[in-house]
Every structure is written in structure tokens, then in C-alpha cells.
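Reader: I have this model open at my bench and would love a friendly tour. Could you take me through it one question at a time?

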Amino acid sequence: MTQKTKSSLRTSNLVNSIQPSGIRKFFDLASSMENIISLGVGEPDFITPWGVREACISSLERGYTSYTANAGMIELRIEIANYMKKQFQLEYDPKEQIIVTVGASEALDIALRSIVDPGDEVIVVEPTFVSYAPLVTLAGGNPVSVGTTAETNFRLTPRQLKEAITDRTKAIMLSFPNNPTGSTMSLNELKEIAKIVEEHDLIVLSDEIYAEMTYDGKHASIANIDEMKDRTVIISGFSKAFAMTGWRLGFVTGPSDIISAMLKIHQYSMMCASTMAQHAALEALQTGMEDVKKMVQSYKQRRNYFVKSFEEIGLPCHVPGGAFYAFPSIKNTGFTSEEFAEKLLLAERVAVVPGHVFGAGGEGHIRCSYATSLENLKEAVARIDRFLVSFR
Ligand code: PMP
């Protein structure tokens, strides 16, 4: 009999089969060093707008400390429905088609758990947010990765999608604007994808958490295309647009059957999202859009500077249409993305994330967040330039 390790005896095969997030390693290393410029974090550098914080304080003063409805406060769900209609021309019934979740993270988890049966395949378009493939596995499914490349500006092509579909394919996970590439897809490009989705009767999990951060035109949602709304679950939240990562508040909109299945899981595992955070989110939607516009303006200015600078120091970088990440190529340095990130951190104390942690198509790139001050970005560029010169 083979010897089992202690951990494999005590923990499930499913959990043992997934790896911890590759981003953590660099955070841990960077946090033990001084004079670091971190381009590693995936969160806004802004503090939540004051009016939003005040609404939370006021809710506590008024004693709103009990549970809310499982799906979230109805006032908040109505406001989310208004927001989706106004911003994206998508109509949802606040009673049946919206759940307030503990971040987009929970929404992704329960969306997968409510649609996947053992052995189902879920197509994960990569490079992408690190949680998708592990969450598919934890839901009992098999993630099928499709790697996009810089040649297509990290957009999914119809051909790639067709090649990945089998008779076990249940769903596809899309995320545009994308983390880590910043790539966006236009409505016309999404129409090509929608046609194939329809033909193969797939469900789309569309993570649109960066929808507000779209810099060259309006955000396009696949749910806007013909019959797609009935097969698309939109995952979103307050973390990025409203600078509310620590509040842990997200939401999901979609067809009633999938939303009610998700609500079953949510009510047992979460009961409801934090009441005080929900009061803050209500205020965010009612009065926070001006703040969002200002933050987005600032990200756009930083993007323009940052992307141009990478080209100037000799790292090719496609122009990211959204989110707050640049994803330059480091292929011409001869290093792997892991080597590049480690050497850069040790030599110049700039923390970036190696592209391979985001899945297929990520190797040969580094993710650099520009959710930090222009001053920091300028210093980071100077340090990366010095690092490149030192070995070229
Ligand atoms: N989706 C994407 C694409 C993300 O980048 C992130 C956060 N980095 C999340 C979801 C998780 O967001 P939340 O804080 O709402 O859980």
C-alpha cells in the first residue's frame, strides 16, 4: 500500500487537486522587503467615496444590524436593476433575477455550483482571473482552458471556441474587460461568439466586474445580443468601480431558473451579504456615479502614460481597453515570466505578477497594475528600464 501524506488523508481529493493562487507567493516575498513599488495588486488605490462610507456608519447608528433577505435588501436589488438598465440597457426583475453576493467571488462560485454536474466541461478563456479554473474543479466540473494571445489582442476567436467545444461542454466563462490583459471585446466580436454559444446550447458566465472601467468606447455585454440574455449570468460587484474591495459586496443577474438555483446555495452557505455593506452599496448606486467617473478618468490617464512607457523602454504592450492592468510582453528578454518577476523584484524592488499564473496564453507576459499613483508608475518605469539595461 502506498503511504498517504497526512494532508491527503485528512482533506478531500478535490481540494488536494487544486493549487494555491500563484499571486500570493509574490505578495509574501514583496511584503518582507522595503522600498517596494507594487504593481502587483488587483484593487483600486482609491478609498471608498466618503458618502458611501457615511451611509454605512449611519446604518449602524440607526441599528441596522440584523440579517437582510437572503437575496439582499429589496431596495438594493431594485437599485441594481435600475443601474443595469441605465448603464447597459439590460432589464432584470429585482425579485427573481438578482442576488446580492459576498463579492463577485461568491457569485462565481455559486453560479458554477448551480449549473455544473460531475464531468461537465466549462470553457475558461485565459489568461484570466485566477479563481475560475479552481472553482470549476471544486464544482465537480472539468475546466477546459482556451488561451488567447497578444496577436488577437487577447480576444477569443470563434475558431478557438469551436475547437474547444465537446458534447460535455456546459458553459463558457468570459471576462471582458479582462484581468490580467485589460482586453475588451466589441459587440460585433461578441456576436460571433454568441452564434456558437447558441448553436451548442451553452450557458455564459460573464464576469463584467470591470465594465465601468472601459476607456475607448462603451462596455459591450454579451447579454445584449438577441437571445443571449436568457443564457447569460452576469457577475459583477462594487469592488472595482466603487473602490470597495474590503466590503465584500457583489451581485449577479441572470435568468430566473439559474438565479433561484444560486439562491438555494447562497441561503445555506452565506445566509445574506453583510447588512452594513449593503447599505453602503445602496448609497454607492444612488450617489456614487460621479466618483466612479472621476476614478475612471484617472485610470485612463495612467493607462495612457503606462502603456506608452512600456513601448519606449522596449517591452511591447497592446493597448488595454479596460480594467487597470497592462500586460506587456517580456519575451524579448529571454526570461520566463516567473524569472523576470523574481529578478525584477530582487534587483529593483518592483513587484509584478508573472503572466503564467493567469493560465494559457499568459506566459511571456507580466501583469502590471496601474491602480497606483502616476508618481509611483513613473518610478516603476524608471526602475524596470534600469533592470532591462542591466542585462541587455
Ligand atoms: N472577477 C475578476 C475578473 C476580478 O479581477 C476580481 C478581483 N480581482 C474578482 C472577480 C473578485 O472580485 P470581488 O472583490 O467582488 O470578489
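**Questions at the bench**

Reader: Let me start with one residue: which loop holds N70?

Author: Residues are numbered from 1 along each chain as its sequence is written. This is a predicted model, in which local features need pLDDT of at least 70 and side-chain atom pairs count only at pLDDT 80 or more, while totals for chains, interfaces and linings use all residues. Helices (H or I, at least four residues) and strands (E, at least two) are DSSP runs, numbered from the N terminus. With those names, N70 lies in the loop between α4 (50–61) and α5 (74–88).

Reader: What does N70 count as, going by its C-beta neighbours?

Author: A residue is buried if 20 or more other C-beta atoms, placed from the backbone, lie within 10 Å of its own, exposed if 12 or fewer, and partly exposed in between. N70 has 16 C-beta neighbours inside 10 Å, so it counts as partly exposed.

Reader: And which residues does N70 touch?

Author: Contact here means that two C-beta atoms, placed from the backbone, lie within 7 Å. Leaving out residues up to four places away in sequence, N70 touches L263, H266, Q267, M271 and C272.

Reader: Now the strands: in what order do the 7 strands of the open sheet run?

Author: Strands of a sheet pair through backbone hydrogen bonds, either parallel or antiparallel. Two strands count as paired if DSSP finds at least two bridges between them. The pairing in this open sheet is mixed, and its order is β2-β8-β7-β6-β5-β3-β4.

Reader: Which strands of that sheet are left without a neighbour on one side, and why?

Author: The reason is the number of partners: an edge strand here has a single partner strand, so one side of it is left without a neighbour in the sheet. The two that stand at the edges are β2 (98–101) and β4 (142–147).

Reader: On average, how are neighbouring strands of this sheet turned against each other?

Author: Axes are lines fitted to C-alpha atoms, for helices over the stretch in contact, and angles run from 0 to 180 degrees between N-to-C directions. For this average the direction is ignored, and the turn is 20°.

Reader: At the β2 edge, which residue is the bridge partner of V100?

Author: β2 and β8 (residues 250–253) run antiparallel and are joined by 4 bridges. Helix α10 (residues 256–269) lies across β2, β7 (232–237) and β8, at about 30° to β2. The partner of V100 in β8 is F251.

Reader: What is the handedness of the crossover from β3 to β4?

Author: β3 (residues 121–126) and β4 pair in the parallel sense over 6 bridges, and I123 stands opposite V144 in β4. The chain crosses between them through helix α7 (residues 132–138). A crossover is called right-handed if, with the strands pointing away from the viewer, the path from the first strand over the helix to the second runs clockwise. This β-α-β crossover is right-handed.

Reader: Turning to the open sheet of 3 strands, which residue is the bridge partner of Y325 in β12?

Author: This sheet has the order β9-β12-β11 with antiparallel pairing. β9 (325–326) and β12 (residues 366–369) are joined by 2 bridges, and A326 has C368 as its bridge partner. The partner of Y325 is S369.

Reader: Which residues cover the two faces of β12?

Author: On the β11 side of the pairing, P354 has I366 as its bridge partner in β12. Both faces of β12 are covered, with all four residues buried: I366 and C368 on one side, and on the other R367 and S369.

Reader: Where is the cis peptide bond that involves P177, and what is its omega?

Author: P177 is found in the loop between β5 (169–174) and α9 (187–199). The cis bond joins F176 and P177, with omega about -10°.

Reader: Last stop, the ligand: which of the residues around the ligand come nearest?

Author: A residue is near a molecule if its C-beta atom, placed from the backbone, lies within 6 Å of it. Helix α6 (residues 103–115) gives the most to this shell, with 3 residues. Of the 13 residues around the ligand, those that come nearest are G103, A104, S105, G237 and S239.
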